[in-house]
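Colleague: Please take a close look at one helix for me, then at its surroundings.

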Amino acid sequence: MDERNPYAPPTAAVSDIDSRSTSSETTDTSFFAVTTFKYVLMFVCTFSFYQIYWFYKNWQLIKEREGFAGLRISPVPRAIFAVFFCYQCFARVRDYEHPALKPGRLAAGPLAAGWIILSLLWRLPDPWWWLNTLTFLFVLPVQWRVNQINAAVAPDHDRNGRLSWLNWVAVGIGSLFILLAIIGTFMPQSVD
């Protein structure tokens, strides 16, 4: 019969775990991590549909972080109707504070206004509707600040710079559609 007490404390040496080395501390980002190159490439090659995904991912992380305060956020509608919610998203990036974060100013109001104005230009006639594709220029400063925040909060996080197979499919198909749109926009129309 075994004489060991099953309720006795462990006899093995145990040491405290450094909280900075845990995976949840080093990989959890405050906002959606994506390199600016990948953001621009995916935005252009998906006719700005990647931007909806970008807003969705950011609102999802904001909801996870701020949901405990009773804030009710629905990421999907906020991403789809980003024209109404982009300022709130940009302002949360601007107002984010962390001890390891260098101070920086983000002009959330002018960036949101520029983004909204260019977003509404898709209804213009050929070739002026192409101005709509420049909306990413107003999100780039926000993404740069997001990258600074994520680097301060989680220095070892995945920067999301590699293209997945799904990204490559979107780039390939999107590139063909862009080529067709350019040809269709600038090719002279024959009148019979």
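Modeller: Here is the helix, followed by a loop residue and a helix pair. This is a predicted model, where local features need pLDDT of at least 70, side-chain atom pairs count only at pLDDT 80 or more, and totals for chains, interfaces and linings use all residues. Residues are numbered from 1 along each chain as its sequence is written, and side-chain values use heavy atoms, without hydrogens and water.

Start with α5, residues 82-95. Helices are DSSP runs (H or I, at least four residues), numbered from the N terminus. α5 has 14 residues and spans 19 Å from its first C-alpha to its last, close to the expected 20 Å. That expected span is 1.5 Å times one less than the number of residues.

Buried residues (under 20% relative accessible area, 1.4 Å probe, protein chains only) in α5 are Ala82, Cys86, Cys89, Phe90, Ala91, Arg92, Val93 and Arg94. Their cover includes α3 (49-66), α4 (75-80), α6 (108-119) and α7 (136-153).

Between α6 and α7 runs a loop that holds Thr133. Thr133 is partly exposed (20% to 50%), because its relative accessibility is 25%. Thr133 and Ser119 lie 14 residues apart in sequence and 8.0 Å apart in space, C-alpha to C-alpha.

Now α3 again. Its axis and that of α2 (residues 36-45) come within 6 Å and cross at roughly 130 degrees. The two helices are therefore oblique to each other. Lys38, Tyr39, Met42 and Phe43 of α2 make the contact with Tyr50, Gln51 and Trp54 of α3; contact means heavy atoms within 4.5 Å. By class, five of these residues are nonpolar, one is polar and one is charged.

Technical notes. Axes are lines fitted to C-alpha atoms, for helices over the stretch in contact, and angles run from 0 to 180 degrees between N-to-C directions. Angles under 35 degrees count as roughly parallel, over 145 as roughly antiparallel, 65 to 115 as roughly perpendicular and the rest as oblique. Ala, Val, Leu, Ile, Met, Phe, Trp, Tyr, Cys and Pro count as nonpolar, Asp, Glu, Lys and Arg as charged, and the others, Gly among them, as polar.
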